[in-house]
Amino acid sequence: MKSPTPTLLVTGASGKLGGAVVRHLLDTLQVPAERLIVTTRNPDSLADFAARGVTVRSADFDQPGTLSEAFADADRLLLVSTDALMEPGKRLAQHRAAVQAATKAGVKHVVYTSLPSADTSHVSFAPDHWGTEQALSASPLTWTVLRNAWYFENRAYALPGALASGEWATSAGDGRIAYITRDDLARAAAVALAGPDATNRVLTLTGTQAYTARDIAARVSALTGKSLSVVDITPAQQVEGLHAHGFPPILADVFASFDVATAAGDLGEVTDDYARLTGQSPTSLDTWLPANIALLTTPH
């Protein structure tokens, strides 16, 4: 007798990563819409998924008592890490509450979006991810941790301004990042969620090559015809510069920590976990960059 198709749930489905995961589940993996639940703080924002037959539910991670009901009937759940960065400790509390709610709701397997070297990374919010991984390990749930490398798209925060000035100030030094596209990570999360694997595993999802800031700058300069030189600064100078551009202190520390982590090698590991999980190679920088150069040259 064929086992019934599991019911899958995706949190944060109105976000860019969560929404892309849902589209891959529906369109790439052909998961039946009636077997899919998505949650968001604003259900009206997911009317397009609802119109396709997907169950849309309200879930507010700031009200943990509501999460068990939101997670009801799900067999496998994708916990997309929340964006609560401005209040230290808040995101980890949200994630712990989600793990507890999933357990209470009878969820069997949780897929979680973490970051590389969560236990040792110099990224300022790495303890949120490591704490969530520990909460999963301590729970009765089975789990898949996806340690997602940096998005190519993350460069859109700094490069437009750098191109305008001709200088990219960074404290990353010669540190490398094994970038991968957000859409590739969404596909990987969809595959992990929809698949039958119920073992506890940690996968580090990266591109096939790691790049320095100078590697990126040379390619962007060649594509745009604009001069772009990399200027080495200290982490303290970077924080000071971010403050001068209006960044709140906590957010300035977060962004500066990305370069500190890069310099330390926390984001440079290259693995084949993506290919082993999905059966395909991740998009390369030299494929992605020409198709998305507008993203990196338009101020956001």
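Contact, as the word is used here, means that heavy atoms lie within 4.5 Å. On this basis, the buried residues of helix α10 in this predicted model pack against β7 and α9 (235-244). The buried residues of α10 are A252, V254, A256, S257, F258, D259, A261 and T262. The length of the helix can be checked against expectation: at 1.5 Å a residue, the 15 residues of α10 should span 21 Å, and the end C-alpha atoms are indeed 21 Å apart, so the two values agree. Just after α10, G265 adopts a positive phi of about 90 degrees.

A similar description applies to helix α4. The 16 residues of this helix (residues 90-105) should span 22 Å at 1.5 Å a residue, which agrees with the 22 Å between its end C-alpha atoms. Within α4, the buried residues are R91, L92, Q94, H95, A97, A98, V99, A101 and A102. These buried residues pack against α3 (67-70), β4 (76-79), β5 (109-114) and α5 (126-138). Just after α4, G106 takes a positive phi of about 90 degrees. One residue of α4 also takes part in a contact between a charge and a ring: the charged end of R91 is placed over the ring of F125, 4.8 Å from the ring centre.

The aromatic residues were examined next. A pair of aromatic rings is described by two quantities, the distance of the centres and the angle of the planes. The structure holds 7 aromatic pairs. One of them is formed by F152 and Y179, which are stacked, with 5.6 Å from centre to centre and 20 degrees between the planes. This pair links distant parts of the chain, since F152 belongs to the loop between β6 (142-148) and α6 (159-165), whereas Y179 belongs to the loop between β7 (167-170) and α7 (182-194), 27 residues apart. F152 is buried, its relative accessible area being 3%. Y179 likewise counts as buried, at 3% relative accessibility.

The rings of Y157 and F255 are arranged in another way: their centres lie 5.8 Å apart and their planes meet at 85 degrees, so the pair is edge-to-face. Because Y157 lies in the loop between β6 and α6 while F255 lies in helix α10 (residues 249-263), the pair ties together parts that are 98 residues apart in sequence. Y157 is exposed, with a relative accessible area of 62%, whereas F255 is partly exposed, with a value of 23%. Both residues belong to one aromatic cluster, formed by F125, W150, Y157, F247, F255 and F258. F125, the residue whose ring lies beneath the charged end of R91, is thus a member of this cluster.

Attention then turned to charged side chains. Side chains of opposite charge can pair when their charged atoms come close. The structure holds 13 salt bridges. R201 forms one of them with D197, the closest N and O atoms being 3.8 Å apart. D197 counts as partly exposed, at 27% relative accessibility. R276 forms a salt bridge with D272, with 3.2 Å between the closest N and O atoms, and also one with D273, where the corresponding distance is 2.4 Å. R276 and D273 both lie in helix α11 (residues 273-278), 3 residues apart, or about one turn of the helix. The three residues are assigned to separate classes of accessibility: R276 is exposed at 57%, D272 is partly exposed at 47%, and D273 is buried at 10%. Elsewhere, salt bridges that share partners join D174, R214 and D232 into one network.

The nonpolar interior was considered last. The largest nonpolar core comprises 35 residues, of which V10, V21, L25 and L36 touch the most other members. The elements that give two or more residues to this core are β1 (8-10), α1 (16-28), β2 (36-40), α7, β8 (201-205) and α11. Among the contributors, α7 gives the most, with 8 residues. The surroundings of L36 illustrate the packing: leaving aside its neighbours within four places in sequence, L36 is in contact with L8, V10, V22, L25, L26, V54 and T55. Apart from this core lies another, of 29 residues, among them W150, Y211, V230 and L267. W150, named above as a member of the aromatic cluster, therefore also belongs to a nonpolar core, because a core of this kind can include buried Trp residues.

Notes: Residues are numbered from 1 along each chain as its sequence is written. This is a predicted model: local features need pLDDT of at least 70, side-chain atom pairs count only at pLDDT 80 or more; totals for chains, interfaces and linings use all residues. Side-chain values use heavy atoms; hydrogens and water are left out. Rings of Phe, Tyr and Trp (its six-membered ring) pair if their centres lie within 6.5 Å; planes under 30 degrees apart count as stacked, over 60 as edge-to-face and the rest as tilted. Helices (H or I, at least four residues) and strands (E, at least two) are DSSP runs, numbered from the N terminus. Buried means under 20% relative accessible area, exposed over 50%, partly exposed in between (1.4 Å probe, protein chains only). A charge sits over a ring if NZ of Lys or CZ of Arg is within 6 Å of the ring centre and within 35 degrees of the ring normal. The expected span of a helix is 1.5 Å times one less than its number of residues. A salt bridge is a side-chain nitrogen of Lys or Arg within 4 Å of a carboxyl oxygen of Asp or Glu. A nonpolar core is a set of buried Ala, Val, Leu, Ile, Met, Phe, Trp, Tyr and Cys residues joined through side-chain atoms within 4.5 Å.
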